[in-house]
Amino acid sequence: MLTFIAMTMVTAFRVLGRNRLRAGLTMLGIIIGVGAVIALVSIGQGAKEAVRAQVATMGTNLIIVWPGSTTVAGVRSAQGGAVTLTVADALDLKKKVPLLVDTGWAKRDVMQVINGNKNWNGPVNGISPSYLAIRDWSFTGGGPISQADLEAAARVAVIGQTIVDNLYEPGEEPVGSTIRIKNVPFRVVGVLSPKGQSAQGTDQDDVIFIPFTTAERKLLGTPFLGIVGAVFGSTSRLDDLPEAVDGIREVLRARHRLQSDQADDFTIRTQVDIGKVQEGASETLTVMMFAIASISLLVGGIGIMNILLVSVTERTREIGVRMAVGAKRRHILMQFLIEAMTLGLLGGLMGIVFGIAGARVMTTVAGWPTIIAPGSIVIASVFSLVVGLFFGLYPANKAARLNPIDALRYE
Amino acid sequence: MSLIVCQDLWKVYRLGDVRVQALRGVSLTIEPGEFVALMGTSGSGKSTLMNLLGCLDTPTKGHYWLNGRDVASAGQDELADIRNRQIGFVFQNFNLIPRTSALENVQLPLFYRGLPLREQRTHAADALNRAGLTGREQHFPSQLSGGQQQRVAIARALVAGSAILLADEPTGNLDTESSREIMAILADLNRRDGLTILVVTHDSDVAAYTSRELLMKDGQLIADRHRIPAELPTQ
């Protein structure tokens, strides 16, 4: 049996080799289909992975609570328009929602920052000391803002890499230097390691952190003390996020004295929610791509069937001879099925090569991140084999059912 | 034991609305080692009889024992097996597989028998040698003359070690010289190796090599003559 398959494959290759152009054109549908799938899947995977990496830079198991819109005398303000979230909320959440490992808070504004003769307009965030840990920020130099800094409303700052790049000469040491924010001098105590772009495409390294108390008392100004821009929390396990969200909602509704018929005056988002929005786009792309691939595999399969029908007709006499010398129907069936599968698989392999090449070109020319998924290669190979098998069945069966006498006499 | 015993073989075709009685009660016995010519005009039923004897087809009615086995009722796969092991075919138009070497063409019956590749090659080379075509194993049919192609076909019929060789107008596409060579090879195989051969022909020069002549007309055997075969031409 193995000898039979091996020799039949040799025959199949010989037959295909005899009609290279024909075989090539037959396989074109499969080549294009598989190539498109491989290229698009790798682009899709690359995009997905990039989004996942960006979302991961936000922190670990992060929950963000923003003040919601509020309706005052029928006038609805924008999200964040309500001044409903406070430092007290954040502290109480930590106490009353045990799933939260820690909570932090922040308040931001864009301000002029000056170092020597250089200046920059960057977002200045007043934060609680816990904030940097929750957001998974690490340091390339210096250290974080301490609880003592917060209590003393110290004029200390931690700055991101983009700020360093724009305010300092290359080689100049930022830690220990003094910068002026809105003309108030701050001592730089730490430099953050870069995070790159956020999932929304903003530069996460373009950032300055100062103690929350310093921000509200000395820079931003505030009608009431303790109003925050957002509250941040994190859980130790990803699976705890939904339950923690429910806990936060309950505590905040109670604290804000919301009646059961009133809407939340805050918005809760988890890292998972944010990732989902981004991935939704690539899901659509994936569905489209599989539709395209299915169509071209179908067309490719019909091409294989067509050329095999021609081949069966052309080789009717040969089939007759094979039957006369003792080939059984299953031998003839196998011979044409193997030819069909060889066409399919060969087309698939060429498609894979073209797909990978296409993905590489996309990366070098357009700069799109691509990931060649081994799974997609295996699936593409199996699919092209199955397409060959499926569309080869009819012609192969037609060949196997030939009457040996008629086949021998065929002109 | 007789090699071939046919008893009242009938073959009826339907061609559209018309029933064609291609064979009408043929009874026939062939002993091992016979060299038989089957003659008759076209439409006499000799091709139909040859197809039945070659197990390419089954009779509508009647019995056919090949080597003591009733094959009239055998299934498709059984018939394929019988063709593979018991019967060697030689056709008028050679029927070699194109763009496939002489050796591989000869290997074909052994390939379907499932023999290991090495054995297939050894036996095939041996058969080509017996058919007088050594040194052209790797030639394609298109690179061989008609006579040489027919020798490849004979080798293919020999390689299976068949009990009987059925030759359908083996010299029909050959010039006189090649015809004579092919008939000499067949006669030689018959005399020296005792191979049973049935030649279908309408050429009395070809029939002259044989020791028995069957004549068919309208689907029936009308004559069965034994005779002393013509002298072999010197090779």
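**Exercise 1.** How many helices and strands are there in chain B?

*Solution.* The model is predicted. Count the elements from the N terminus. Chain B has seven helices and 10 strands. Next, check the overall dimensions. The radius of gyration of chain B is 17 Å, and the globule rule gives 18 Å for 235 residues. The two values are close, so chain B is as compact as a globular protein of that length. Along the principal axes, the C-alpha atoms of chain B fill a box of roughly 50 × 40 × 40 Å.

**Exercise 2.** Determine what share of chain B is buried, and how much of its contact set is long in sequence.

*Solution.* Call a residue buried if 20 or more other C-beta atoms lie within 10 Å of its own. By that cut-off, 46% of the 235 residues in chain B are buried. Now take the contacts in chain B with a separation of 6 or more. Of these, 69% link residues 24 or more positions apart.

**Exercise 3.** Lay out the six-stranded open sheet of chain B and find its edges.

*Solution.* Write the strand order: β6-β7-β8-β3-β9-β10 in chain B. The pairing is mixed. At the edges, β6 (87-90) and β10 (220-226) of chain B each pair on one side only. From one strand to the next, the twist averages 20 degrees.

Now look at one pair. Strands β3 (residues 35-40) and β8 (residues 196-200) of chain B run parallel, joined by four bridges. B:Val36 has B:Leu198 as its bridge partner in β8(B).

**Exercise 4.** Which strands does helix α5 of chain B lie across?

*Solution.* Helix α5 (residues 146-159) lies across β6 and β7 (164-168) of chain B. Then compare directions: helix α5 runs at about 170 degrees to β6(B).

Terms used
Residues are numbered from 1 along each chain as its sequence is written. Chains are lettered from A and ligands numbered from 1 in the order in which they are written. This is a predicted model: local features need pLDDT of at least 70, side-chain atom pairs count only at pLDDT 80 or more; totals for chains, interfaces and linings use all residues. Two strands pair if DSSP finds at least two bridges between them. Helices (H or I, at least four residues) and strands (E, at least two) are DSSP runs, numbered from the N terminus. Axes are lines fitted to C-alpha atoms, for helices over the stretch in contact, and angles run from 0 to 180 degrees between N-to-C directions. Two residues are in contact if their C-beta atoms, placed from the backbone, lie within 7 Å. The radius of gyration is taken over C-alpha atoms; the globule rule is 2.2 Å times the number of residues to the power 0.38. A residue is buried if 20 or more other C-beta atoms lie within 10 Å of its own, exposed if 12 or fewer, and partly exposed in between; C-beta atoms are placed from the backbone.
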